[in-house]
Amino acid sequence: MDTLMQGAARDLARSNRAVALTGAGISVESGIPPFRGKGGVWEKFDPMAYAHIDAFLQDPERVWREFLVVLKATLDIAAPNAGHHGLARLEALGILTTIITQNIDGLHQAAGNSDVIEFHGTFARYRCMACGARISSRRIDTRRMPPRCDCGGIFRPECVFFGEMIPPQRLWRSEQVAASCDVMLVVGTSAVVQPAALMPLIAKQSGATVIEINPERTPLTDSVSDYFLQGGAGETMTELLQQVQRHIAETI
Ligand code: OAD
């Protein structure tokens, strides 16, 4: 009888339109802490005081100085890990088409994936709230708080703060790819933040197989996931990939 890993690898190996939904957990092994749970970002920073758009607009200097520079410094030195590289390899094998990521760290693109929907935006670019000018993370000057544009306006990251809407085009495309995939890999997300957490449900309702990778159980584990591969993203993706490649070699 197949183990869960073998079954998941077999279904992936047969797919040419798999999609991944990723969350903070996939970047933990790159040194970026998750949001929830022990050691999570929200343990130190109250999200309503640091990650809500109203808090940012009310006091951008405080949010920049106490929170955004800390997060940016962590992101600036992070590199993709085996979990990201595994997903890039699945794309190279013609299995994975698209990643919907809740992460703002750009590590899927750095690993080589070509179609990444940044559901909650990115910290790779910043936008002037006055004139709309955009600059890359490398060019932002954080010696002065808050960082300002040449026009005097304040820069904000191009992420989605709490209290802001997911840009409709991004939401619409995510729903489309979720509804048309045959396998959805759900990696490193607590699956509690909406509407991102709906994507595995949309995939499942449309007939897809859902493979979940996480060291902890989530609200999806018993109700939506067909395969729950318990473990860290790096190690689990590496083993899954090895088995996918074995299946492919056997069927050639
Ligand atoms: P969370 O911090 O809520 O969840 C991280 C998940 O990663 C948990 O389920 C952990 O069990 C799992 N995890 C921890 N270590 C892991 C590892 N090595 N490999 C794989 N998984 C691991 O992060 P998200 O689900 O991404 O939104 O959170 C969703 C959204 O909530 C974020 O995008 C952010 C946050 O508030 C905004 O800021 C708008």
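Helix 5, counting helices as DSSP runs of H or I with at least four residues and strands as runs of E with at least two, both numbered from the N terminus, gives the largest share of the lining of the largest pocket, namely three residues. The model is predicted, and local features therein need pLDDT of at least 70, side-chain atom pairs count only at pLDDT 80 or more, and totals for chains, interfaces and linings use all residues. Residues are numbered from 1 along each chain as its sequence is written, and side-chain values use heavy atoms, with hydrogens and water left out.

Pockets were delimited on a 1 Å grid over the protein atoms alone, as open sets of points with protein on both sides within 12 Å along at least five of seven lines, whereas a cavity is a set where a 1.4 Å probe fits but cannot get out; lining residues have an atom within 4 Å of a point. Volumes are the space filled by probe spheres set on the points, which are joined across faces, edges and corners. The largest pocket holds about 990 Å³ and is lined by 44 residues, of which Ala24, Pro34, Phe35, Arg36 and Ser190 lie nearest its centre. Both helix 5 (60–76) and strand 8 (209–214) supply at least two residues of this lining.

Around the ligand there are 22 residues, with Phe35, Arg36, Thr189, Ser190 and Asn214 coming nearest, a residue being near if one of its heavy atoms lies within 4 Å. Among the polar contacts, which are pairs of N or O atoms within 3.5 Å, a side-chain atom of Arg36 lies 2.6 Å from a ligand oxygen, and a side-chain atom of His120 lies 2.8 Å from an oxygen atom of the ligand. The protein covers 89% of the 790 Å² of accessible area that the ligand has on its own, by the Shrake-Rupley method with a 1.4 Å probe.

The second largest pocket, with a volume of about 210 Å³, is lined by 14 residues, of which Arg127, Glu158, Cys159, Pro167 and Arg170 lie nearest its centre. Strand 4 gives the most to this lining, with four residues. Strand 4 (residues 121–128) runs antiparallel to strand 6 (residues 155–159), to which five bridges join it, pairing being assigned if DSSP finds at least two bridges; here Thr122 stands opposite Glu158. Three bridges also join strand 4 to the antiparallel strand 5 (residues 134–136), where Arg134 is the bridge partner of Arg127.

Technical notes: A polar contact is a pair of N or O atoms within 3.5 Å; within protein, one must be able to donate a hydrogen and the other to accept it, and residues adjacent in sequence count only if both atoms are side-chain atoms.
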